[in-house]
Amino acid sequence: DPLPEWDAARYLNGTDITTIPTSRGGFLGEQFGADPVSMGVMPSSIDGSEPDHFLALRIAQAALDDALQGRDFDPIRTGIILGHSTYLHRGNAAVVQHGVVLDQTRALLGQLMPDADPAVLDKVRSALEKQLPPFNSDTAPGLVPNVMTGRIANRLDLRGPNYLIDAACASSLLSVQSAMIELRAGRSDLMLAGGVNASISAEVYMVFAQLGALSNKGVVRPFAEGGDGTLLG
């Protein structure tokens, strides 16, 4: 099941374009957690960033440790390639709210209550802002998708190639293929490769529902006569 913060009932019981037919999917639960501070990430840059950045860093660190087993490696000839698609997540939704929604809400309240004290409207705007994750120079890097591999390369001292591949469902497979090309070409001795897309919000389900790609039955049945769509995870 999704986390309580997903507020699934609100989307499942709707009657408009926000309605989704199911909240079933593949959810990591507690495995989604990471401790970025222990990996050299400043606490001020965490809340408001894309959560996948820190999950990928945790797994990359574990993968590198598992591959090396304490052996030395040449950072210059070591890199990372990840498959990743950018969907709506808590961080970039907060940027839109900071940049547009807060002012729109204040203006709308002012139109509905023309006699309202401007100071009261400012107070409402401030109260709404305090509920949002921060948006500042510390969180901004965590909102740029390709900083994900750059941060990993920086924290793990990988000086070879680092970049993302977005090829939809084939992203992780193509990242592995690209890493193999690096190794076969002799440009690198060690490559980390894989994929991460763990920030699957209800709004992403809304998009797939509008596309007609989400299973109304909440069951994935590829190539079966009764198959009616996919689930996300």
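What follows is a short chat between a colleague and a modeller about reading this predicted model.

Colleague: I'm new to this one. Where do I start, and how many helices and strands are there in the chain?

Modeller: Start with the overall parts list. The chain has seven helices and three strands, and going along the sequence they come in the order α-α-β-α-α-α-β-α-β-α. The C-alpha trace spans about 70 × 50 × 30 Å along its principal axes.

Colleague: Since it's a predicted model, what pLDDT does the chain average?

Modeller: The average is 92, and 100% of the residues score at least 70. You can also look element by element: strand S1 has the highest mean pLDDT, 98, while helix H1, residues 8–12, has the lowest, 90.

Colleague: Let's look at S1, then. Which strands pair with it, and in what sense?

Modeller: There are two partners to look at. S1 pairs with S3 (residues 190–195) in the parallel sense, over six bridges. S1 also pairs with S2 (residues 162–165), again in the parallel sense, over four bridges. To find your way on screen, pick out single bridges: Gly83 is partnered by Gly195 in S3, and Leu82 by Leu164 in S2.

Colleague: How do I read the side chains of a strand? Which residues of S1 point which way?

Modeller: The general idea is that side chains in a regular strand alternate between the two faces of the sheet. In S1, Thr78, Ile80 and Leu82 point one way, and Gly79, Ile81 and Gly83 point the other way.

Colleague: Are those residues of S1 buried or exposed?

Modeller: Buried, on both sides. Six of the six residues of S1 are buried, so the strand is largely enclosed by the rest of the structure. For the whole chain, buried residues make up 31% of the 233 residues.

Colleague: And how should I think about a core? Which residues touch the most other members of the largest one?

Modeller: As a general idea, nonpolar side chains in soluble globular proteins tend to be buried together. Here the largest nonpolar core has 18 residues, and Ile80, Leu82, Ile152 and Leu158 touch the most other members. Helix H2 (51–68), S1 (78–83) and helix H5 (147–156) each supply at least two residues of this core. The largest share, seven residues, comes from H2.

Colleague: Let's zoom in on one of those. What does Leu158 touch?

Modeller: Leaving out residues up to four places away in sequence, Leu158 touches Leu64, Phe73, Pro75, Thr78, Gly79, Ile80, Ile152, Ala153 and Leu192. Besides this core there is a second, separate one of twelve residues, which includes Ile20, Tyr205, Met206 and Phe208.

Colleague: Take Met206 from that second core. Where does it lie, and what does it touch?

Modeller: Met206 lies in helix H7, residues 202–210. Its relative accessible area is 18%, and buried means under 20%, so Met206 counts as buried. Apart from residues up to four places away in sequence, Met206 touches Tyr11, Ile17, Thr18 and Ile20. Met206 and Thr19 are 187 residues apart in sequence, but 6.8 Å apart in space, C-alpha to C-alpha. For the chain as a whole, 68% of the contacts with a separation of 6 or more are between residues 24 or more positions apart.

Colleague: What about a loop residue such as Ser23: buried or exposed?

Modeller: Ser23, in the loop between H1 and H2, is buried, with a relative accessible area of 15%. Among its contacts beyond four places in sequence are Pro2, Trp6 and Tyr205.

Colleague: Last one: which residues other than glycine have a positive phi?

Modeller: Two to look at are Asp157, with phi of about 60°, and Phe223, with phi near 65°. Asp157 sits in the loop between H5 and S2 and counts as partly exposed, at 32% relative accessibility. Phe223 is in the segment after H7 and is exposed, with a relative accessible area of 88%.

Notes. Residues are numbered from 1 along each chain as its sequence is written. This is a predicted model: local features need pLDDT of at least 70, side-chain atom pairs count only at pLDDT 80 or more; totals for chains, interfaces and linings use all residues. Side-chain values use heavy atoms; hydrogens and water are left out. A nonpolar core is a set of buried Ala, Val, Leu, Ile, Met, Phe, Trp, Tyr and Cys residues joined through side-chain atoms within 4.5 Å. Buried means under 20% relative accessible area, exposed over 50%, partly exposed in between (1.4 Å probe, protein chains only). Contact means heavy atoms within 4.5 Å. pLDDT is the predictor's confidence in each residue, from 0 to 100. Two strands pair if DSSP finds at least two bridges between them.
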